[in-house]
Amino acid sequence: MEYDYIIVGAGSAGCVLANRLSADPKITVLLLEAGGEDKNLWIKIPVGFQKLMYHPTLNWNFETEGEASTKGRRVPIPRGKVLGGSSSINGMLYVRGNPIDYNTWSQLGNRGWSYDDVVPYFKKTETFERGGDALRGGDGPLHVADMVERHELVDAFVQAGVEAGYKANPDYNGAEQEGFGYYQTTMKDGRRFSAADAYLKPARGRKNLTVQTGAFAQRVLLRDKRAVGVAYKVGAEMREARAGREVILSAGAVQSPQLLELSGIGDPRVLQANGIASAHVLPGVGENYRDHYAARFAWRVKQNITLNDQTRGLSLVKEAIKYALTRRGILTWTAGIGHGFVRSRPELDTPDCQFFFAHGSFDAFTRAFHREPGMTIGVYQCRPESKGSIHIQSPDAATAPVIRPNYLSDPIDQAALLGGMRVVRQVGEASAFDKYRAHELYPGVDIQSDADLLDYARGTGATTYHVMGTCKMGADADPMAVTDDRLRVRGIAGLRVIDASVMPTMPSGNINAPVLMVAEKGADMILADAAR
């Protein structure tokens with residue numbers, strides 16, 4: 001079969017592209033997804049993200065290599081394996097980032113990617129339930145909601161942030177990011193609203209859009225430095241599809257570079273080591289890996305008012321009934337509830353650390369709630385400089401690539417995280433928490449020095465699942481750029497990468513909203529280039 005466009009991956013970016021490209025009935029589109037339909041009950045219930053982070057069939061369940069930076073631990077890297085991709089399994093937090101992020105992209109030579117350039121695409125993606133304005137969208141496909149519930153401990157967290165010198169900020173996605181408040185979510189009527197809900201489902205009835213689930217891409221088909229199709233498996237059957245115009249990789253920051261290398265595009269040394277002939281030299285493929293690495297603080301709480309108490313026994317039964325009848329209650333809580341965007345040191349112009357507050361405490365490794373009531377504040381540096389890599393270790397697409405994040409290797413990252421951890425303690429010990437706080441659970445009051453705090457972060461910290469940068473866009477002068485500023489793979493005609501892997505530096509926050517923006521802008525670029 002031949003199509004105008006073949007999109008590999010029905011995650012957040014792929015769903016956007018499938019919708020926007022197939023809106024023209026004269027354009028034929030094939031969307032390939034290795035996972036299945038998004039029908040699992042836990043996908044729709046917001047709190048179900050906890051069930052999906054290690055799900056055996058809805059998640060690729062990647063993990064890092066054990067590195068000294070994490071004291072030899074292998075860190076899980078969840079990625080969605082289902083329509084909607086990671087937007088179907090994530091924590092549903094909607095965070096655009098800071099204007100400095102996109103102005104940095106532009107300053108690196110990526111024309112058309114400044115903050116002013118991308119705001120229209122952020123607006124295009126969303127319907128913000130409070131209504132649109134100069135910065136927020138009012139009629140986009142994705143529903144962005146405020147938290148359904150409020151809680152006195154989260155209110156105390158916001159007040160504690162004010163006591164620490166920050167303002168209460170009800171819209172960190174608006175004119176200013178800094179401050180404390182409740183997170184905004186990709187939910188509608190108390191249910192998850194994924195990219196599949198927002199973009200793909202409205203387009204499924206179009207005759208010019210073919211969605212193939214259970215389709216595991218093996219490689220891009222090349223002819224004379226041009227992408228002409230995709231080889232993929234459905235079960236044990238190998239198939240090929242041809243692209244008359246373009247192949248678009250939207251497989252995510254782990255698998256888009258993997259597919260390029262399996263296709264012979266990348267560093268020849270990596271390819272040769274895996275028995276793959278080099279079709280095109282691009283040494284940056286799989287490099288520039290970045291992620292947010294978080295440390296967590298927890299306190300015991302005096303009152304039985306936390307998620308530790310509400311997620312057990314009769315209380316949980318009551319909450320399940322409440323959710324079934326009203327779409328309210330604790331089953332609507334997301335991965336983080338209260339936000340804080342802070343400066344690790346006061347002389348900075350913009351926030352460089354992000355907080356996540358939850359009125360519950362849990363085991364750092366098993367993620368199981370403690371039996372006693374507690375509260376947790378997580379923190380990560382917004383714009384990490386530490387870079388790692390993702391590379392294939394086999395010519396077989398079914399073999400997971402090797403992920404080496406190199407967390408906290410850059411001194412800038414270490415200093416920023418340490419500063420953020422000290423602000424966490426300042427907030428956690430604020431008077432707003434006095435009537436709730438019993439004592440610090442971890443890291444514990446004995447952990448005070450920079451060396452001890454950093455050691456604690458290395459030993460217990462975790463990714464927050466914001467993998468990006470492994471096919472970064474960049475200017476002609478950048479030898480490590482994989483794509484240009486129109487997201488075209490350098491040196492290969494008819495091939496683009498459109499997902500988190502093209503981001504040259506990390507946005508200041510959760511990356512699902514920026515991925516949707518990149519895909520909206522990428523779709524416009526594809527259509528504009530085709531019209532020339």
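Helices here are DSSP runs of type H or I with at least four residues, and strands are runs of type E with at least two, both numbered from the N terminus. The legends below describe close-up views of a predicted model.

**View 1. A salt bridge within helix α11, between Glu-319 and Lys-322.** Glu-319 forms a salt bridge with Lys-322, and the closest N and O atoms of this pair are 3.7 Å apart. Because the two residues are three places apart in helix α11, about one helical turn separates Glu-319 from Lys-322. An α-helix has 3.6 residues a turn, so residues three or four places apart point the same way. Glu-319 is buried, with a relative accessible area of 12%, whereas Lys-322 counts as partly exposed at 37%.

**View 2. A nonpolar surface patch that includes Val-317 of helix α11.** Leu-314, Val-317, Ile-321 and Leu-325 together make a nonpolar patch of about 430 Å² on the surface. Of these residues, Val-317 is found in helix α11, which covers residues 313-326, and its relative accessibility of 45% makes Val-317 partly exposed. A residue can belong to a patch only if its relative accessible area is over 30%, a condition that the 45% of Val-317 satisfies.

**View 3. Arg-496 and Asp-529, a buried pair within a salt-bridge network.** With a carboxyl oxygen of Asp or Glu required to lie within 4 Å of a side-chain nitrogen of Lys or Arg, the count for the model comes to 38 salt bridges. In the one shown here, Arg-496 meets Asp-529, with the closest N and O atoms 2.8 Å apart. Arg-496 belongs to strand β25 (residues 495-497) and Asp-529 to helix α14 (residues 512-530), so the pair ties together parts that are 33 residues apart in sequence. Both Arg-496 and Asp-529 are buried. Through salt bridges that share partners, these two residues are joined with Glu-246, Asp-484, Arg-486, Arg-488 and Arg-532 into one network.

**View 4. A salt bridge between two partly exposed residues, Arg-242 and Glu-240.** The side chains of Arg-242 and Glu-240 meet in a salt bridge, with an N to O distance of 2.9 Å. Arg-242 has a relative accessible area of 33% and is partly exposed, and Glu-240, at 40%, likewise counts as partly exposed.

**View 5. The three-stranded open sheet β5-β6-β8 and helix α5.** The sheet is open, its three strands follow the order β5-β6-β8, and their pairing is mixed. Its edge strands are β5 (126-128) and β8 (184-185), each of which pairs on one side only. Three bridges join β5 to strand β6 (residues 142-146) in the parallel sense, and Thr-127 has His-143 in β6 as its bridge partner. Helix α5 (residues 115-125) packs on the sheet and touches β5 and β6, with a direction that makes about 75° with that of β5.

**View 6. Strand β18, paired with β7 and β19.** Five of the five residues of strand β18 (residues 338-342) are buried, so this strand is largely enclosed by the rest of the structure. Gly-338, Gly-340 and Val-342 point one way from β18, while His-339 and Phe-341 point the other way, and the residues on both faces are buried. Strand β7 (residues 179-182) runs antiparallel to β18 and is joined to it by four bridges, with Gly-179 standing opposite Phe-341. Strand β19 (residues 353-358) also pairs with β18 in the antiparallel sense, here over five bridges, and Gly-340 stands opposite Phe-355 in β19.

**View 7. The enclosed helix α8 and the glycine after it.** Eleven of the eleven residues of helix α8 (residues 252-262) are buried, so the helix is largely enclosed by the rest of the structure. Among its buried residues are the polar or charged Gln-255, Ser-256, Gln-258 and Glu-261, together with Val-254, Leu-259, Leu-260 and Leu-262. Gly-264, which follows α8, has a positive phi near 90°.

**View 8. Gly-36 and its contacts from distant parts of the sequence.** Gly-36 is found in the loop between β2 (29-33) and α2 (41-44), and at 29% relative accessibility Gly-36 counts as partly exposed. When residues up to four places away in sequence are not counted, Gly-36 touches Lys-81, Val-82, Leu-83 and Thr-213. The C-alpha atoms of Gly-36 and Gly-84 are 9.8 Å apart in space, although the two residues are 48 residues apart in sequence.

Note on methods
Residues are numbered from 1 along each chain as its sequence is written. This is a predicted model: local features need pLDDT of at least 70, side-chain atom pairs count only at pLDDT 80 or more; totals for chains, interfaces and linings use all residues. Side-chain values use heavy atoms; hydrogens and water are left out. Patches are made of residues with over 30% relative accessible area and no salt bridge: like charges are joined within 9 Å, nonpolar side chains (Val, Leu, Ile, Met, Phe, Trp, Tyr) within 5 Å. Accessible areas come from the Shrake-Rupley method with a 1.4 Å probe; for residues, only the protein chains shown count as cover. Buried means under 20% relative accessible area, exposed over 50%, partly exposed in between (1.4 Å probe, protein chains only). Two strands pair if DSSP finds at least two bridges between them. Contact means heavy atoms within 4.5 Å. Axes are lines fitted to C-alpha atoms, for helices over the stretch in contact, and angles run from 0 to 180 degrees between N-to-C directions.
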